[in-house]
Every structure is written in C-alpha cells, then in structure tokens.
Amino acid sequence: IAAIFWVTLQLFWLHTDQLIRDGDEEGHVGAAELIKEQIDHHGWLSFITTTWWQDLGEYPPLFASYLGGWWSLFAIQPEDLMFRAAGIPLVLCAAWAISETTRIRGGDHRLAFALTLSLPLVVGLSRHNMIENLIVPTTALAVWSLERDTTHYTKGIVFGLCIGLGLLSKQTFVIAGIGLV
C-alpha cells in the first residue's frame, strides 16, 4: 500500500512540476542521450559494453547507462513523464533492501519500507536526473547483502557486486556508500 501511494504521489508531483533542469542534470541527460542513440543504432549489446567500459566524461558510466536504457524503453523526450520517473525504481529498490535488512534483524520491515519512502533527500533527488540516485540503492543493497543468511562465499559475491555497482555510479561512493556500510 505504501509503495502504491508513494508512486502515485511521485507521478503526480512529476506531472505537475515544470522544473527546468540545472547544469549537472543537463550533463547527465546528455550522457544518457549518447547511450540511447547507441542502443538505437547498435542494439543492447553495445549498451552492456558501454555500461562497463566506456568513458563518458568525468563520471562512471552506470547512471548514464541506466538513464539511457530507461529513455530507450519508456520515453520519447527527456521532458516526458516516464523519463522523469526514472528515479522511482531506484528508491523502491532502496526501500526494499532496507526493509529486508530490517526484517532480518527482527524489526518492523513494513515501517522501514514506508519510512525509506519518506526520506526527504532521497525523495527529492529521485525527482531529478542526478547520479546520487544510484548511491542510495547500491548502499542499501550492500548492507542487505551482508545481512543475508547465505554462505560466506555467496555473501561475498553479492556484496562485491553491490560495491562494484556503487563504484560504477560515482567516485564518491567510496565515502558515501562504503563509508556507511
């Protein structure tokens, strides 16, 4: 119920908000456009290689790839509601990881999920095309991966994957993400 209510509010906000993108956002949208064009002309395999290896400027490629892939699937222009909604799944992913971590630790996972969806900075960022949107779910997933009841080997692989995705998001993940884990 919390997720449905929150997504509805987010979509309503994005629909009514006529915010003009700032310089940082415009740069991320420009990098996403390069990815979208690459997908359109060379297919999804090029998307995968770009995500892992291509230099798209001063930031790692994961957010641009995420946004470009989202754009290719769901939107025509960056002003479209569906393009602007790209942050919604990232917050839902973080809320799920935090609720699962809370459940594993014996807490109220429903409350943790709902409270995560009400974090002002997380919600505010999700309405903009900013790289920091990926730091939140990758950090939450990294913590969750350490709490899971699995073998040490599997736990290490999933944790390493979450840390790797965080580092492919933004260099400051070393401080903001790994520092919190």
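A residue counts as buried under 20% relative accessible area, as exposed over 50%, and as partly exposed in between. The model described here is predicted. By this scale E132 is partly exposed, because its relative accessible area is 23%. Its salt-bridge partner, K170, is buried, with a relative accessible area of 13%. The closest N and O atoms of K170 and E132 are 2.4 Å apart. This pair links distant parts of the chain. K170 sits in the loop between helix 10 (152-167) and helix 11 (173-176), whereas E132 belongs to helix 9; the two are 38 residues apart.

In total, five salt bridges were counted. Another of them joins R105 to E147, with the closest N and O atoms 3.0 Å apart. R105 lies in the loop between helix 6 and helix 7, and E147 lies in helix 9 (residues 132-147), so the bridge ties together parts that are 42 residues apart in sequence. R105 is exposed, at a relative accessible area of 55%. E147 is partly exposed, at 27% relative accessibility. R84 and D17 form a further salt bridge, at 3.5 Å from N to O. Here too distant parts of the chain are linked: R84 is in helix 5 (residues 81-84), D17 is in the loop between helix 1 and helix 2, and 67 residues separate them. R84 counts as buried, at 14% relative accessibility.

The nonpolar interior was examined next. The largest nonpolar core has 14 residues. Those with the most contacts inside this core are F63, L67, W71, F83 and L134. Helix 2 (23-42) and helix 4 (62-74) each supply at least two of the core residues. Helix 4 gives the most, with five. Leaving aside neighbours within four places in sequence, L67 touches H28, A32, F83, A86 and N129. Apart from this core lies another, of 11 residues. Among its members are A94, A97, A142 and C162.

C162 also bears on the question of disulfides. The structure holds none. The sulfur of C93 has its closest cysteine sulfur in C162, 8.5 Å away, which is too far for a bond. A disulfide would require the two sulfur atoms to be within 2.5 Å. The two cysteines can also be placed by accessibility. C93 is partly exposed, at 27% relative accessibility. C162 is buried, at 7%.

Helix 7 spans residues 109-116, and its buried residues are A112, F113 and T116. These residues lie on the same side of helix 7, because they cover an arc of only 100° around the axis. Their cover includes helix 1 (2-16) and helix 6 (88-104). At the start of helix 7, a side-chain oxygen of D108 comes to within 3.2 Å of the backbone nitrogen of R110.

L117 follows in the loop between helix 7 and helix 8 (120-126). L117 counts as buried, at 4% relative accessibility. With neighbours within four places in sequence left aside, the contacts of L117 are A2, A3, W6, V91, L92, A95 and V123. D17, the salt-bridge partner of R84, is 100 residues from L117 along the chain, and the C-alpha atoms of D17 and L117 are separated by 19 Å.

Note on methods: Residues are numbered from 1 along each chain as its sequence is written. This is a predicted model: local features need pLDDT of at least 70, side-chain atom pairs count only at pLDDT 80 or more; totals for chains, interfaces and linings use all residues. Side-chain values use heavy atoms; hydrogens and water are left out. Buried means under 20% relative accessible area, exposed over 50%, partly exposed in between (1.4 Å probe, protein chains only). Helices (H or I, at least four residues) and strands (E, at least two) are DSSP runs, numbered from the N terminus. The arc is that of the directions from the helix axis to the C-beta atoms. Contact means heavy atoms within 4.5 Å. A polar contact is a pair of N or O atoms within 3.5 Å; within protein, one must be able to donate a hydrogen and the other to accept it, and residues adjacent in sequence count only if both atoms are side-chain atoms. A nonpolar core is a set of buried Ala, Val, Leu, Ile, Met, Phe, Trp, Tyr and Cys residues joined through side-chain atoms within 4.5 Å. A salt bridge is a side-chain nitrogen of Lys or Arg within 4 Å of a carboxyl oxygen of Asp or Glu.
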